[in-house]
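Reader: I am new to this structure and would be grateful for a close look at one part of it. Could you please take a single place where charged side chains pair and describe it in context?

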Amino acid sequence: MDEKTEMMVALGVAIGVNCIPCFDYLYSKSREIKLDENEVRAIAEIASKVKNGASIFMKNAIAETLGDTPTAEHPCCSQTSSTCC
């Protein structure tokens, strides 16, 4: 994997797990390898969509465990949804 791709993955993971110190560190390193701000914005958008989708699945799993009807639509199951990448 090339350095830029590795950095993009690492930034996405840092965002996905809400690690601000990791993001700050990786962001400063990403500037050194010429990752531009639009690329970082795109990475943040994708990571946020995946994180949101996982949160919805968890909410539904809890509802099902408690015998309730899941209320949130599974975002990754819809071809028209853009919640997951």
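Author: A suitable place to begin is E32, which is exposed, with a relative accessible area of 54%. The model in which E32 is seen here is a predicted one. The side chain of E32 meets that of K29 in a salt bridge, with N and O 3.8 Å apart. K29 is partly exposed, at 29% relative accessibility. Both residues belong to helix α2, which spans residues 20–32. Because K29 and E32 are three residues apart in that helix, about one helical turn separates them. As a general matter, side chains of opposite charge can pair when their charged atoms come close.

The setting of this pair may now be described. The protein contains three helices and zero strands, and along the sequence its pattern reads α-α-α. Of its 85 residues, 22% count as buried. The protein exposes about 6,000 Å², of which carbon and sulfur atoms supply 58%. Among contacts between residues at least 6 apart in sequence, 44% join residues at least 24 apart.

The pair of K29 and E32 may also be set beside other pairs, since a search of the whole structure finds four salt bridges. One of the others joins the side chains of E37 and R41, with a distance of 3.8 Å from N to O. E37 and R41 both lie in helix α3, four residues apart, which is about one turn of the helix. Within this pair, E37 is partly exposed, with a relative accessible area of 39%, whereas R41 counts as exposed at 51%.

E37 also has neighbours outside its own stretch of sequence. Setting aside residues up to four places away in sequence, E37 touches Y27 and R31. Y27 is 10 residues from E37 in sequence, and their C-alpha atoms are 9.5 Å apart in space. The helix to which E37 belongs, α3, covers residues 37–65.

A further salt bridge in helix α3 is formed by K49 and E45. The closest N and O atoms of this pair are 4.0 Å apart. K49 and E45 are four residues apart, about one turn of the helix. K49 counts as partly exposed at 24% relative accessibility, and E45 likewise counts as partly exposed, at 44%.

To return to the starting point, E32 is exposed and is joined by a salt bridge to K29, a residue that is partly exposed.

Notes: Residues are numbered from 1 along each chain as its sequence is written. This is a predicted model: local features need pLDDT of at least 70, side-chain atom pairs count only at pLDDT 80 or more; totals for chains, interfaces and linings use all residues. Side-chain values use heavy atoms; hydrogens and water are left out. Helices (H or I, at least four residues) and strands (E, at least two) are DSSP runs, numbered from the N terminus. Buried means under 20% relative accessible area, exposed over 50%, partly exposed in between (1.4 Å probe, protein chains only). Contact means heavy atoms within 4.5 Å. Accessible areas come from the Shrake-Rupley method with a 1.4 Å probe; for residues, only the protein chains shown count as cover.
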